[in-house]
Amino acid sequence: MLFFIRALGLTLPLWIVAGWSAAEAAIFFLVADVPISWIAVRSGTRAAVLAAIVAAIASVAGAAAVFFWAGRDPAGAAATMASLPAIDPALMSRAAADYHRGPLFMLAGSFSGTPFKLYALEAARARDYGFLFISPLLRLPRFLLVALLVGGISNFLRGRLGLRRRIGLLAVSWILFYVFYFAVMPG
């Protein structure tokens, strides 16, 4: 796989995706879909799929950080999560309920705006170490969807718009997404 990464010339972008995904799974509030989609526009769908896989695996580090932090300081970890943008006690309760309903509900939550870190927080309360093993499987579907969707759109637009314009369109799309997200989410 390292040979494949080097052949694509994506070493630095993949490290960025890995770090971003781990940070977002722990405390950062902008999703790892942002750099995955940038790679899709910049380097194509195959590179973005690889980035999605890297992001899913790297998110375990962030989930583990929350898991072990909440295991030692549950009140502090919960208070920190509640202070993050777009997170309030109602969202934390919904995430906890989805966690206890099972993986399919957590997977659905990843598509509906529920921060993954809240599932890690609840897994710590339940002392569910197995959560860390299924984390990549909960993250990968959305990351792959972003990689494929943005890669397909970028490929379609390639003949009509140059790279700079496609990157600009992507940036505007993410800005609009987050303006909407923070307007409708709590906090």
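Gly 113, just after helix H7, takes a positive phi of about 95°. The model is predicted, with local features requiring pLDDT of at least 70 and side-chain atom pairs pLDDT 80 or more, while totals for chains, interfaces and linings use all residues. Residues are numbered from 1 along each chain as its sequence is written, and side-chain values use heavy atoms, without hydrogens or water.

H7 itself spans residues 103–112; helices here are DSSP runs of H or I with at least four residues, numbered from the N terminus. Its buried residues (under 20% relative accessible area, 1.4 Å probe, protein chains only) are Met 106, Gly 109 and Ser 110. Viewed down the H7 axis, these fall within an arc of 105°, taken from the directions from the axis to the C-beta atoms, so they line one face of the helix. They pack against H6 (89–101), H8 (116–125) and H9 (130–157), contact meaning heavy atoms within 4.5 Å.

The largest nonpolar core, a set of buried Ala, Val, Leu, Ile, Met, Phe, Trp, Tyr and Cys residues joined through side-chain atoms within 4.5 Å, has 56 residues. Its largest share, 14 residues, comes from H4. Ile 36, Leu 121 and Phe 131 have the most contacts inside the core. Leu 121 touches, among others, Ala 77, Ala 78 and Met 81.

Those three residues of H5 meet Lys 117, Leu 118, Leu 121 and Arg 125 of H8. The axes of H5 and H8, lines fitted to C-alpha atoms over the stretch in contact, with angles from 0 to 180 degrees between N-to-C directions, come within 11 Å and cross at roughly 165°. H5 is therefore roughly antiparallel to H8 (over 145 degrees).

Methods
Buried < 20%, exposed > 50% of the residue type's maximum accessible area, 1.4 Å probe, protein only. Helix = DSSP H or I, 4+ residues; strand = E, 2+ residues; numbered from the N terminus. Parallel < 35°, antiparallel > 145°, perpendicular 65-115°, else oblique. Lists of a residue's contacts leave out its neighbours within four places in sequence.
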